[in-house]
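Biologist: Hello! I am new to reading protein structures. Could you walk me through one?
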Amino acid sequence: MKRLLATAAASAMIAGPAAAASGPFFSLRNTDFIVLLAFIVFIGVLVYFKVPALLGGLLDKRAEGIRADLDEARRLREEAQEIYASYERRQREVKGQAEEIVANARRDAEAQAARAQDDLARSIDRRLQAAEDQIASAENDAVRAVRDKAVAAAVSAASELLAKQVQAGNRSAGIDDAIEDVARRLN
């Protein structure tokens, strides 16, 4: 505080306009001297009411607040970095799980396709077998029908031959014998 007063007094004495004033400097008619006295009184009042200490305290409080804000910002930054790292880990885990799900789905789809192909092949084989069975059955039916017609034609031809060869009285006995002979040979 004493330094401040000494500095103020020295600057007032060295001041250019004060030195340029006419007449004695320490006179109440000299305006420069009055301004110097008012300034010294003003500084004295500030010192008396401890304004520099109040200003220092306010500045210290402000500095503490700024320090606290910086500490809080550092803490929040560290927290944010931890959260960010956690999200990155989670993202990698989710990405791995997604890749695993896709791989499983691909394997399942390939297995389903293979099963569907096998089922289709079996279905085609069954249909071919059923068609072959129907063809064989139709062939058997056709052979049976041809045999039946052949038997009928043979019986008819035999009866005509016998009718020509046999007399009118022996006809029915010879026909019956021929029919029985043909029936025995076919069965």
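Biologist: How much area does the chain expose, and what share do carbon and sulfur atoms supply?

Modeller: Accessible areas come from the Shrake-Rupley method with a 1.4 Å probe, and for residues only the protein chains shown count as cover. Here the chain exposes about 15,800 Å², with 60% supplied by carbon and sulfur atoms. This is a predicted model: local features need pLDDT of at least 70, side-chain atom pairs count only at pLDDT 80 or more, and totals for chains, interfaces and linings use all residues. Residues are numbered from 1 along each chain as its sequence is written, and side-chain values use heavy atoms, leaving out hydrogens and water.

Biologist: What percentage of the residues count as buried?

Modeller: Buried means under 20% relative accessible area, exposed over 50%, and partly exposed in between (1.4 Å probe, protein chains only). In this chain of 187 residues, 7% count as buried.

Biologist: How many aromatic pairs does the structure hold?

Modeller: Rings of Phe, Tyr and Trp (its six-membered ring) pair if their centres lie within 6.5 Å; planes under 30 degrees apart are stacked, over 60 edge-to-face, and the rest tilted. This structure holds two such pairs. Phe-25 and Phe-33 make an edge-to-face pair, 5.8 Å centre to centre with 80° between the planes.

Biologist: Are Phe-25 and Phe-33 buried or exposed?

Modeller: Phe-25 is buried because its relative accessible area is 18%, and Phe-33 is buried too, at 12%. In the other pair, the planes of Tyr-48 and Phe-49 lie at 80° with ring centres 5.1 Å apart, so this pair is edge-to-face. Tyr-48 is exposed at 64% relative accessible area, and Phe-49 is exposed at 53%.
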